[in-house]
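User: Please take a close look at the aromatic rings here. What sits over them, how do they pair, and what sheet goes with them?

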Amino acid sequence: RVDASSTRMASPATTHTNAPVDASSTRPASPASTPASPPPRKLIIDTDPGVDDAFAIALALETMSTEVEVLGLTTVFGNVRRDDATRNARTLVEMCALAGSWRREAGARLPVVDGARAPLAALDEDDRLGAGASTADDSAVFVADFVHGEDGFGGVRGAYETWPEESAVEHRAGREAADFIAEMCAKYPGEVTVLALAPLTNIALTFRRHPECSETMGELVVLGGAFEVNGNVNPAAEANILGDPEAADEVFGAFERTFVVGLDVTTRVRLSGAEIERLETVLRDADAVSPPRRCSNLLRAFLHDATQFYKAYHLRVADFDGIYVHDPTALLLALPHVRDAVFTFRRGAVRVALARDCARGAVFLDARRAWLFRNAWSDRPRVSVAMDVDVDAALRELRARLGV
C-alpha cells in the first residue's frame with residue numbers, strides 16, 4: 001500500500017514563478033466588477049494508460065478542479081491491453097483520492113468504464129454495433145510495452161497500486177464505454193468534452209450505437225496522427241491511428257466539433273531529464289494551494305518513477321534525454337482558454353488510409369477544400385487540426401502544474 005505521507009524526502013524545492021494560464025482575469029478587480037468564473041467543463045477521458053496518459057489524468061484530476069469536472073474514465077487497448085488499461089486507470093484514481101488533492105464529495109466515486117479490447121476490424125462482420133468489443137480476443141492486439149513497460153507504468157505499478165476498503169472508483173461489470181459516453185452526453189447535452197488519448201474504437205462505437213451524439217456531444221479532442229511529419233510506429237502512421245484506422249476514419253467523418261493534435265505538435269513539447277528528476281523533490285507547500293493547481297507529492301513521485309522506462313525509450317529511439325508529453329499536450333486542447341492562446345489550427349476534412357499496405361494509418365488533411373471534382377473528402381466535416389504550438393507557453397502551463 002502507498003502512504004500519501006511517505007513519498008521520498010528530498011531537499012526543499014525552490015520557488016517556481018511559472019503559473020498556469022487562468023481563465024479568469026489576472027488583474028485584481030473590485031468584487032463588484034469581478035466576472036463570474038465559467039463553470040468547469042465536463043470531461044470524459046478515453047484512455048489506455050500508459051505513462052503519458054498518467055500525466056494527463058493526474059493533471060486533470062489534481063490541478064484542474066476549477067476548469068474541468070471529470071465525469072469518468074473509459075478504457076481501451078493501445079499502450080497496454082484493455083484489462084491493464086482499466087487496472088491502471090483505477091490505480092491512478094485511487095492514488096489521487098489517497099493524496100487528497102482530487103476534490104470529491106464525500107462518498108462519491110469516479111466511474112472507470114471498460115471499453116473495447118480489440119479494433120473494429122477484429123470484430124465479426126455482422127457485429128456493427130460492437131456487441132462483442134468488450135469481450136473480444138485481444139491476443140493478437142499490438143501493444144506498446146516496449147515504450148511503457150509490460151504494466152504500462154514502467155514496471156512500478158505494483159509499488160503504487162492500492163485497493164482501499166472505501167474505493168474512489170465505480171466499476172460495474174457489463175457497463176460499456178460507448179454507452180457511458182452517450183449517457184453522459186444525453187445527461188449534459190452540449191457540455192461534455194471527450195478527450196480521446198488512445199485508438200478511437202470506443203468513440204467510433206459511440207457514434208455507431210448512438211448517432212444522436214453528433215448533436216449531444218460538446219467537443220471531441222483527439223490525440224493522433226502525423227500530418228506533415230513521420231509517424232512513430234513507421235514513417236506513415238502514428239500509434240493511436242494505426243491502432244484502429246477504420247475507427248479513426250469513421251470518427252473524423254462523424255463529428256465537426258473535433259480538435260486533433262498529432263505528432264506535428266506533440267513531439268515539440270518535451271520535458272527534459274532534469275525536469276523529470278525534479279518530480280522526485282517533495283514540495284513543502286503543495287498542500288497549501290487551494291484549490292490545488294499543482295500535482296501532489298504522491299503523484300509526482302509516481303510519475304517520476306514510472307517515467308524512467310519511458311525516458312530510456314526516448315533516449316534509445318529519439319536520442320534525447322527527456323520525454324515527449326503527448327497526452328498532457330492534448331489535455332490542454334480541452335481547455336478553451338489555453339487552446340486559443342497556445343495552438344494554431346488548420347481546418348479541413350481528414351481521411352485515414354485503410355489499405356493494408358505500407359501507408360495504412362496515414363492521415364490526410366484537405367485544407368484546400370475547393371476542388372473541381374468531388375472526391376473522398378467532399379462530404380466530410382471540417383475538423384480543426386493543430387499544426388503549430390507556442391512551445392514555451394505550453395511548457396509553462398505543464399511545468400507549473402507538475403511543479404518542475
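Analyst: Start with a charge over a ring. R339 lies over the face of F259, with 3.8 Å to the ring centre. The term has cut-offs: NZ of Lys or CZ of Arg must be within 6 Å of the ring centre and within 35 degrees of the ring normal.

Before going on, note that this is a predicted model, in which local features need pLDDT of at least 70 and side-chain atom pairs count only at pLDDT 80 or more, while totals for chains, interfaces and linings use all residues. Residues are numbered from 1 along each chain as its sequence is written, and side-chain values use heavy atoms, with hydrogens and water left out.

A second ring carries a charge over its face. Here R270 is placed over F320, at 4.3 Å from the ring centre.

Now the ring-to-ring contacts. A pair of aromatic rings is described by two things: the distance of the centres and the angle of the planes. Rings of Phe, Tyr and Trp (its six-membered ring) pair if their centres lie within 6.5 Å; planes under 30 degrees apart are stacked, over 60 edge-to-face, and the rest tilted. The structure has 8 aromatic pairs.

One of them joins F153 and F302. Their centres are 5.0 Å apart, the planes meet at 80°, and the pair is edge-to-face. F153 sits in the loop between α3 (145-148) and α4 (157-160), and F302 sits in helix α12 (residues 297-317), so this contact ties together parts that are 149 residues apart in sequence. Helices here are DSSP runs (H or I, at least four residues), strands likewise (E, at least two), numbered from the N terminus. F153 and F302 are both buried. Buried means under 20% relative accessible area (1.4 Å probe, protein chains only).

Back to F320. Besides having R270 over its face, F320 pairs with Y324. This pair is tilted: 5.0 Å centre to centre, with 50° between the planes. Neither ring residue is exposed: F320 and Y324 are both buried. So F320 takes part in two contacts, a charge over its face and a tilted ring pair.

There is also a cluster. F142, F146 and Y313 make up one aromatic cluster.

Next comes the sheet. Its 10 strands are open in arrangement and run in the order β4-β3-β2-β1-β5-β6-β7-β12-β10-β11. The pairing in this sheet is mixed. Two strands pair if DSSP finds at least two bridges between them. At the edges stand β4 (169-170) and β11 (363-366), each pairing on one side only.

Look closely at β12. This strand covers residues 383-389, and 6 of its 7 residues are buried. One partner is β7 (residues 258-261). β7 and β12 pair in the parallel sense, over 3 bridges. Across that pairing, V260 stands opposite V385 in β12. Another partner is β10 (residues 343-352), which pairs with β12 in the antiparallel sense over 6 bridges. There, F345 has A386 of β12 as its bridge partner. In a regular strand the side chains alternate between the two faces of the sheet.

To put the picture together: R339 lies over F259, and R270 lies over F320. F153 and F302 meet edge-to-face, while F320 and Y324 are tilted. In the sheet, β12 is mostly covered, with a parallel pairing to β7 and an antiparallel one to β10.

Technical notes: Buried < 20%, exposed > 50% of the residue type's maximum accessible area, 1.4 Å probe, protein only.
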